[in-house]
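This report describes selected features of one protein model, from aromatic side chains to strand pairing. The sequence and the structure are shown first.

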Amino acid sequence: MGVIIFTKEKPHVYLGSANDSNKKNFQIGRIQFYMNWACFGFCAVKNKTNFSKLQNIMVLIGGPIVSLVLFVTAYLAKAEVTHFETKNFLNGIIYCNLFMFIFTIIPIRYPNWWKPYAGLPSDGYQILMLLKRGIN
């Protein structure tokens, strides 16, 4: 969301790794989707060297905000649903997005056992580093 709202760049949404085997499946507007069967995903921008620090922060905060919005939406929807399987599906969305929000907003470097993110900084960590340097 941050890439779409605060830049003119094309976001590349990956489900699975960002290697040559993960080809572009489809595109909606500027958003390009690359999808393989996987339990992880991320959004990348090819050219972010021209971003201001504020744009970088807004791009980084976009992922955790979307996770939080999906968590709240599923939580509120669950209160209105009576169908058992639908409630279970919404529970999955609730827990998954709460987990994603917490572990992307906390400023950490992911541990080695947390493949494929091993050693990478969380969005919260990157935002904290940008804030420490000041916003231009």
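Phe-99 is partly exposed, with a relative accessible area of 42%. The model in which this value was computed is a predicted one. Phe-103 also counts as partly exposed, at 30% relative accessibility. These two residues are four places apart in helix H3, and about one helical turn therefore separates them.

**Aromatic residues**

Eight aromatic pairs are present in the structure. A pair of aromatic rings is described by the distance of the centres and the angle of the planes. Two of the pairs are set out below.

| Pair | Centre to centre | Angle between planes | Arrangement |
|---|---|---|---|
| Phe-99 and Phe-103 | 4.7 Å | 45 degrees | tilted |
| Trp-113 and Trp-114 | 5.9 Å | 5 degrees | stacked |

The members of the tryptophan pair fall into separate accessibility classes. Trp-113 has a relative accessible area of 70% and is exposed. Trp-114 has a relative accessibility of 17%, and because buried means under 20%, Trp-114 counts as buried. Ring pairs link both tryptophans with Phe-99, Phe-103, Tyr-110 and Tyr-117 into a cluster.

**Ser-122 and helix H4**

Where does Ser-122 lie in relation to helix H3 and helix H4? The residue is found in the loop between H3 (84–105) and H4 (123–133). Ser-122 is buried, its relative accessible area being 0%. Among residues more than four places away in sequence, Ser-122 touches Phe-103, Thr-104, Ile-106, Pro-107, Ile-108 and Tyr-110. Two of these contacts, Phe-103 and Tyr-110, are members of the aromatic cluster. A polar atom of the Ser-122 side chain lies 3.1 Å from the backbone nitrogen of Tyr-125.

Within H4, the buried residues are Gly-124, Ile-127 and Leu-130. Viewed along the axis of H4, the buried residues fall within an arc of 125 degrees, so they line one face of the helix. Their packing partners are helix H2 (53–80) and H3. On the face of H4 turned away from the buried side, Lys-132 and Arg-133 are exposed.

**The sheet**

Strands of a sheet pair through backbone hydrogen bonds, either parallel or antiparallel. In this model, four strands form an open sheet of mixed pairing, in the order S2-S3-S1-S4. Strand S2 (24–28) and strand S4 (41–45) are at the edges; each has a single partner strand, so one side of each is left without a neighbour in the sheet. On average, and with direction ignored, neighbouring strands are turned by 20 degrees against each other.

Strand S1 (residues 11–15) and strand S3 (residues 31–35) run parallel and are joined by four bridges. S2 and S3, by contrast, pair in the antiparallel sense, also over four bridges. Which residue of S3 is the bridge partner of Tyr-14? The partner is Tyr-34. Tyr-34 in S3 also stands opposite Lys-24.

S2 and S3 form a hairpin in which two residues lie between the strands. Gly-29, in the turn of this hairpin, has a positive phi of about 60 degrees.

Notes: Residues are numbered from 1 along each chain as its sequence is written. This is a predicted model: local features need pLDDT of at least 70, side-chain atom pairs count only at pLDDT 80 or more; totals for chains, interfaces and linings use all residues. Side-chain values use heavy atoms; hydrogens and water are left out. Two strands pair if DSSP finds at least two bridges between them. Axes are lines fitted to C-alpha atoms, for helices over the stretch in contact, and angles run from 0 to 180 degrees between N-to-C directions. Buried means under 20% relative accessible area, exposed over 50%, partly exposed in between (1.4 Å probe, protein chains only). A polar contact is a pair of N or O atoms within 3.5 Å; within protein, one must be able to donate a hydrogen and the other to accept it, and residues adjacent in sequence count only if both atoms are side-chain atoms. Contact means heavy atoms within 4.5 Å. The arc is that of the directions from the helix axis to the C-beta atoms. Rings of Phe, Tyr and Trp (its six-membered ring) pair if their centres lie within 6.5 Å; planes under 30 degrees apart count as stacked, over 60 as edge-to-face and the rest as tilted.
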